[in-house]
Amino acid sequence: MLVLFETPAGFALFKVLDEGKLSKVEDLWKEFSSTDSARKVVKLKAFSKFENTSEALSAATLLIDSKPSKGLRKFLKAHCDGETLGVADSKLGNAIKEKLQIDCVHNNAVMELMRGLRSQLTELISGLASQDLAPMSLGLSHSLSRYKLKFSPDKVDTMIVQAIGLLDDLDKELNTYAMRVREWYGWHFPELAKIVQDNILYAKAVKLMGDRTNAAKLDFSEILPEEVEAELKEAAMISMGTEISDLDLENIKDLCSQVLSFSEYRAQLYDYLKSRMNTIAPNLTALVGELVGARLIAHGGSLLNLAKQPGSTVQILGAEKALFRALKTKHATPKYGLIYHASLIGQAAPKHKGKISRSLAAKTALAIRYDALADSQDNTMGLENRLKLEARLRALEGKELNKSAGSAKGKPKIEFYDKDRKKGALITPAKVYNPSADSVMGHTDNDEKKMSIDEQPSQTEEEAGEEAPVTEGEKKKNKKKKSVETEDGAEPEDTPKKKKKKKHADNEVDEDVETEKSKKKKKRKHADADEDETETTDKKKEKKKKKKKTEE
């Protein structure tokens, strides 16, 4: 029986001299307590040494996947003819048996034998010292872990986390120092704060000018435009500021020097951050920019941790406080977090920011995973997704697509939709007032016919005084009376609830009757007035005829 043992230096093949001792697994460790007793149990038969580190790494990676390497297959073919082979991995034994037709054994006795061999390895293999084996195992473990994680020193995202944190701190300190310069020098030259708005230009002007009386003699053309320079010199002549000593001016100039040095270092740090972001996360940088991408990585902890987050989490990353407050108070949750500062969301209209942020978060999640796990270092995916998002933004705003946006196969033409217009003409008529929509409560078709007859001027009082047809109110009253009579015939005594309902119904019927009567009176008055007008016109005609006769 042979035993296969893997070492950082190569593969070792041991011959088991006394197989009977393998039956006593519990006492097998005693055989390896010393070198002499171990040599009585096993003996080195063959050793295959790795030529270099890359060969050792490839063999180790294949063994992790339970696959024999090419060198191991050659080694076993040469030394394992008709022998059973003890292995530490059962899957590796199955692979060897399938490919090389060598019987493999994996049990507790073999594992205990492996343990004993490991304890006496340097003594059993001649030429392999312990001081040489330790650095071999360390180097192989480092190479193996780097290969498994696809580690690259250029892909260290902790540099980005530290750089963006320092950049934010520099911005705060720079703003604080610049405000201190303005407040301090403002006692001597208060008008300068309104003339020069930029903090860096303000610090440069103060450092160059010193006392305001020197402004007329100095040339500010390298710092300020001509118009601002002329305004500064005029204001320095009539300034209302107090006089300060030379010692105060020296301290103010020193502070200005600190502001300028901070601004220079901030620009240098931004360039460094930009280069690192383009190296580590090029697709993320193409979508959201260097600063937003770096803040997302810093907030997630690392690029790999950020790649595990879904698009919905990336969308509201940085707005956790608002999210939990909204969930607690049962209000609307936030639509964006750190991603709000991306240029694509800044270009969108307020009503489209939510949709664009959701689409951008989905594409950003894909770009982060591609940057974290892919082998390529290009930003083609990020640029393609950015073009798609820009096309979607123009589609939402109703603008026409450019040639570069969208897919190359089909480019839809976006037109503004108006349901009332088609090719410049109205397809639906304008709305007109509908008089038939007006209605009067309590009228029927018979009432309308009666009103039209009453309004005719030739109608007489007798025709107007005729009884009107039965109205709805009277019909209701008749129905109520019949129902009351039937109820009286069926039940002699009504309950109090029924009495209340009857009273209420009677009141409604009375009100309907009164309204009908008042309407009839109005109709009769109109008819009387029309008859009076016809009579007066007839009398006037008769008078005219009489005058004509008398004149003749």
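D248 is partly exposed, with a relative accessible area of 32%, where partly exposed is the range between buried (under 20%) and exposed (over 50%), for a 1.4 Å probe and protein chains only. This residue belongs to helix α12, which spans residues 246–280, helices being DSSP runs of H or I with at least four residues and strands runs of E with at least two. On the surface, D248 gathers with D246, E250 and D254 in a patch of negative charge; such a patch takes residues with over 30% relative accessible area and no salt bridge, like charges being joined within 9 Å, and a salt bridge is a side-chain nitrogen of Lys or Arg within 4 Å of a carboxyl oxygen of Asp or Glu.

The model is predicted, so that local features need pLDDT of at least 70 and side-chain atom pairs count only at pLDDT 80 or more, while totals for chains, interfaces and linings use all residues. Residues are numbered from 1 along each chain as its sequence is written, and side-chain values use heavy atoms, without hydrogens and water.

T364, in helix α19 (residues 353–373), is buried, with a relative accessible area of 0%. Leaving aside residues up to four places away in sequence, T364 touches L284, L287, V288, L296, V314 and I339, a contact meaning heavy atoms within 4.5 Å.

Two loop residues have a positive phi although neither is a glycine.

| Residue | Phi | Loop between | Relative accessibility |
|---|---|---|---|
| Q101 | about 55 degrees | α4 (90–100) and β5 (104–105) | 61%, exposed |
| K330 | about 60 degrees | α17 (320–329) and α18 (343–347) | 76%, exposed |

Key
Patches are made of residues with over 30% relative accessible area and no salt bridge: like charges are joined within 9 Å, nonpolar side chains (Val, Leu, Ile, Met, Phe, Trp, Tyr) within 5 Å. Accessible areas come from the Shrake-Rupley method with a 1.4 Å probe; for residues, only the protein chains shown count as cover. Lys and Arg count as positive and Asp and Glu as negative; His and the chain ends are not counted. The place of a charge is taken as NZ of Lys, CZ of Arg, CG of Asp or CD of Glu.
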